[in-house]
Amino acid sequence: MTEAEALEKKQHKSSNGNVPPEATTREDAFDHTYKEKEGPKPPRIIVWKNVILMTLLHIGAVYGVFLIPSASPLTLLWCTLKITHGTDLQAHNICNLCLNFNLQNDIFEWARDHRVHHKYSETDADPHNAVRGFFFAHIGWLLVRKHPDVIEKGCKLELSDLLADKVPSVLLMCFFIPMIVPWYLWGESLWVAYFIPALLRYTLVLNATWLVNSAAHMWGNRPYDKNINPRENKFVTFSAIGEGFHNYHHTFPYDYATSEFGCKLNLTTCFIDFMCFLGLAKDRKRVSRELVMARIQRTGDGSHRSG
Ligand SMILES: [Zn+2]
Ligand SMILES: [Zn+2]
């Protein structure tokens, strides 16, 4: 074991930032022992219900774009209130966040899929395996039955910490509140409020989040670990307000900031810091600078820039 590896092992055991190490989930650490099964791949089974729902959602969102000129400026401002990162934090159990405005499907299933994604990235057991192409990693994985290995490995994960989290209903937070607030507070029509703050906003947020699974697994550099597929992707960092530091995130999944640079280009981290300031979030975990530098030296692709 090299000096840098020893340092990383020691630091991971003794200090992850502000909280004791036992609070860190290890179900998101990459599992090098998993091997894909030999032989032909199982057939692709299309889930037509999801295909129809996703098609309708995207048609509704496109219609919402045409309604933008008739929306009040306050409604458009309201649409910019979006938070992608909360679900990721919950998946890694790296920050107890009380507010969550962007719940996707069932939060428990999402978090389980996300942990399997970290643990078996770019294999058959990864729900949105980017090796199967951009479309599959972006949205296609939601339109077909899961690969049997995703189900098998997902069932074996320890998820009791997620069961303890109480989260509000998806329909309420993703559709009802975004629609009712503009109608009730500043008299927006329910038609516009349904198609823009509810459907269009939700579709944009979904696609921005999916870019983390697709684009950030394909294009960008790998300053922290050149041996894994996830990359640092500036476009995704911008669109998913901070989630594009994906090489960092897969290298250190237990860091709440998902980036070496804290709040820089990372509005979500600023939001969590603010929630902590208000007392609505706690237990943020962070990786030490010393550990990050050691890892860059050991496994980085040489593209690292400080700041
Ligand atoms: Zn993650
Ligand atoms: Zn990823």
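Pro 230 lies in the loop between H10 and helix H11 (234-239). The structure is a predicted model, and Pro 230 is a convenient place to enter it. With 27 C-beta neighbours inside 10 Å, Pro 230 counts as buried, because the cut-off for a buried residue is 20 or more. Leaving out residues up to four places away in sequence, Pro 230 touches Ser 121, Ala 216, His 217, His 246, Asn 247, His 249 and His 250. One of these partners, His 249, is 19 residues from Pro 230 along the chain, and the C-alpha atoms of the two are separated by 8.4 Å.

**The protein as a whole**

The protein has 14 helices and 2 strands. It consists of 307 residues, of which 42% count as buried. Among contacts between residues at least 6 apart in sequence, 67% join residues at least 24 apart.

The average pLDDT of the protein is 81, and 79% of the residues score at least 70. Among the elements, H6 has the highest mean pLDDT, 97, while strand S1 (residues 96-97) has the lowest, 42. Two stretches stay under 50. Over residues 11-24 pLDDT is under 50, and the model has 23 contacts beyond four places in sequence for them. Over residues 95-104 pLDDT is also under 50, and here the model has 39 such contacts.

**Helix H10**

How far apart should the ends of H10 be, at 1.5 Å a residue? Helix H10 covers residues 190-213, which is 24 residues, so the expected span is 34 Å. The end C-alpha atoms of H10 are 33 Å apart, which agrees. The helix is not fully straight: H10 bends by about 25° at Arg 201. H10 is mostly covered, with 18 of its 24 residues buried.

The UniProt annotation "transmembrane region", from an unreviewed entry, covers residues 167-185 and 191-212. In the model, residues 191-212 are 100% helix and 0% strand, and the end C-alpha atoms of this span lie 31 Å apart.

**Pairs separated along the chain**

Besides Pro 230, two other buried residues can be described by a partner elsewhere in the sequence. Ala 111 is found in helix H5. It is buried, with 26 other C-beta atoms within 10 Å. Lys 153 has its place in helix H7 (residues 148-156). With 22 C-beta neighbours inside 10 Å, Lys 153 counts as buried. Leaving aside neighbours within four places in sequence, Lys 153 is in contact with Val 116, Tyr 120 and Ala 125.

The table lists the C-alpha separations.

| Pair | Separation along the chain | C-alpha separation |
|---|---|---|
| Lys 153 and Asp 126 | 27 residues | 9.2 Å |
| Ala 111 and Leu 159 | 48 residues | 8.9 Å |
| Pro 230 and His 249 | 19 residues | 8.4 Å |

**Two residues with positive phi**

Most residues other than glycine have a negative phi. Glu 122 has a positive phi of about 60° although it is not a glycine. Thr 258, also not a glycine, has a positive phi of about 50°.

Where do these residues lie? Glu 122 is in the loop between helix H5 (107-119) and helix H6 (134-138). Thr 258 is in the loop between helix H12 (246-251) and helix H13 (267-278).

Is Glu 122 buried, exposed or partly exposed? Glu 122 has 18 C-beta neighbours inside 10 Å and therefore counts as partly exposed; the buried class begins at 20. Thr 258 has 26 C-beta neighbours inside 10 Å, so Thr 258 counts as buried.

**The two sides of helix H14**

Which residues of helix H14 (residues 289-299) are buried? They are Leu 291, Val 292, Arg 295 and Ile 296. These residues cover an arc of only 140° around the axis, so they are on the same side of H14. On the other side of H14, Arg 289, Glu 290 and Gln 297 are exposed.

Conventions:
Residues are numbered from 1 along each chain as its sequence is written. Chains are lettered from A and ligands numbered from 1 in the order in which they are written. This is a predicted model: local features need pLDDT of at least 70, side-chain atom pairs count only at pLDDT 80 or more; totals for chains, interfaces and linings use all residues. UniProt positions are given in the numbering used here, feature names are shortened, and annotations may be inferred rather than shown by experiment. Helices (H or I, at least four residues) and strands (E, at least two) are DSSP runs, numbered from the N terminus. A residue is buried if 20 or more other C-beta atoms lie within 10 Å of its own, exposed if 12 or fewer, and partly exposed in between; C-beta atoms are placed from the backbone. The arc is that of the directions from the helix axis to the C-beta atoms. Two residues are in contact if their C-beta atoms, placed from the backbone, lie within 7 Å. The expected span of a helix is 1.5 Å times one less than its number of residues. The bend at a residue is the angle between axes fitted to the seven residues ending there and the seven starting there. pLDDT is the predictor's confidence in each residue, from 0 to 100.
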